[in-house]
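Colleague: I'm new to reading models like this one. Can we go through it together, so that I learn why things get the labels they have?

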Amino acid sequence: MPAKKFPVEAGHILMFARSIGDENPVYTDEEKAKATEAGGIIAPPTFVQASAQFDPDYFLRPKVGQPWFGSGKNPTGVARTGGGGGGGGGGGLHAEQHYEYHRPLRAGDVLVAETKPGKTWEKEGKRSGKLVFSESVTEYRNQDGELVVTARGVGVRTERPVEQPAKKEA
């Protein structure tokens, strides 16, 4: 879930590029970036995913003074409930992510995001029963109302948990 308002700052672009190990100077060096087709610093692909960190209600964001799942081997104070991200009797997972850039995303842009449901479809799984796919479409517009990025995420929910094959003993 993206934040309603997402300021794009050069420092965030720099840190994001470093975190994904991309040393392309178009993300970090103003002088070199000016000499490129982009004409200045732009954000790397997938950068808009970081907008979730600007949403105070983002479910994976730690809340001060509240227990949190954590990111280590063991959860830190909260018991998980349910059978996975998709709910129902089975589990759910993030299956795909697609980004369509309508223009470069630049430092100084302030994005506003709107998310709406996309397509849904079903397939029959061999071990999990029915697979229900659902698409979520998020449009990111800049401060001038221009469409900058369209992000499409696909989730899949299984009808029942996948049965694991019996382990062979050595």
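Modeller: Sure, let's begin with pairing: two strands pair if DSSP finds at least two bridges between them. Strands (E, at least two residues) and helices (H or I, at least four) are DSSP runs, numbered from the N terminus. This is a predicted model, where local features need pLDDT of at least 70 and side-chain atom pairs 80 or more, while totals for chains, interfaces and linings use all residues. Residues are numbered from 1 along each chain as its sequence is written, and side-chain values use heavy atoms, leaving out hydrogens and water.

Colleague: Okay, so what makes S3 and S4 a pair?

Modeller: S3 and S4 (residues 129-141) share twelve bridges and run antiparallel. The rule asks for at least two bridges, so they qualify. Thr120, for example, stands opposite Ser134 in S4, and Lys123 has Leu131 in S4 as its bridge partner. A hairpin with three residues links S3 to S4.

Colleague: How do you know that S4 and S5 pair?

Modeller: Eleven bridges join S4 and S5, again antiparallel, so the cut-off of at least two is met. One of the matches puts Val132 with Arg157 in S5. Their hairpin has five residues between the strands, and in it Gly145 takes a positive phi near 85°.

Colleague: And how many bridges link S1 to S3?

Modeller: Three, in the antiparallel sense. Three still reaches at least two, so S1 and S3 count as paired. Lys5 has Val112 in S3 as its bridge partner.

Colleague: What order do the strands take in the sheet?

Modeller: S1-S3-S4-S5-S2, in an open sheet of five strands with antiparallel pairing.

Colleague: Why are S1 and S2 said to stand at the edges?

Modeller: Because S1 and S2 (92-101) have a single partner strand each, which leaves one side of each without a neighbour in the sheet. Besides its five strands, the chain has two helices, and from the N terminus on the elements go β-α-α-β-β-β-β.

Colleague: What makes a group of residues a nonpolar core?

Modeller: The members are buried Ala, Val, Leu, Ile, Met, Phe, Trp, Tyr and Cys residues, joined through side-chain atoms within 4.5 Å. Buried means under 20% relative accessible area, exposed over 50%, and partly exposed in between (1.4 Å probe, protein chains only). The largest core here has 21 residues, and those touching the most other members are Val8, Ile13, Phe47, Leu105, Leu111 and Tyr140. H1 (10-19), S3 (110-125) and S5 (147-158) supply at least two residues each.

Colleague: Which residues does Val8 touch?

Modeller: Among them are Ile13, Phe47, Leu105 and Leu111, leaving aside residues up to four places away in sequence. A contact means heavy atoms within 4.5 Å. Across the whole chain of 170 residues, 29% count as buried.

Colleague: Where is the predictor's confidence below 50?

Modeller: First the overall picture: pLDDT is the confidence in each residue, from 0 to 100, and the chain has a mean of 83, with 82% of its residues at 70 or more. Residues 81-90 are the stretch with pLDDT below 50, although beyond near neighbours in sequence they have 17 contacts in the model.
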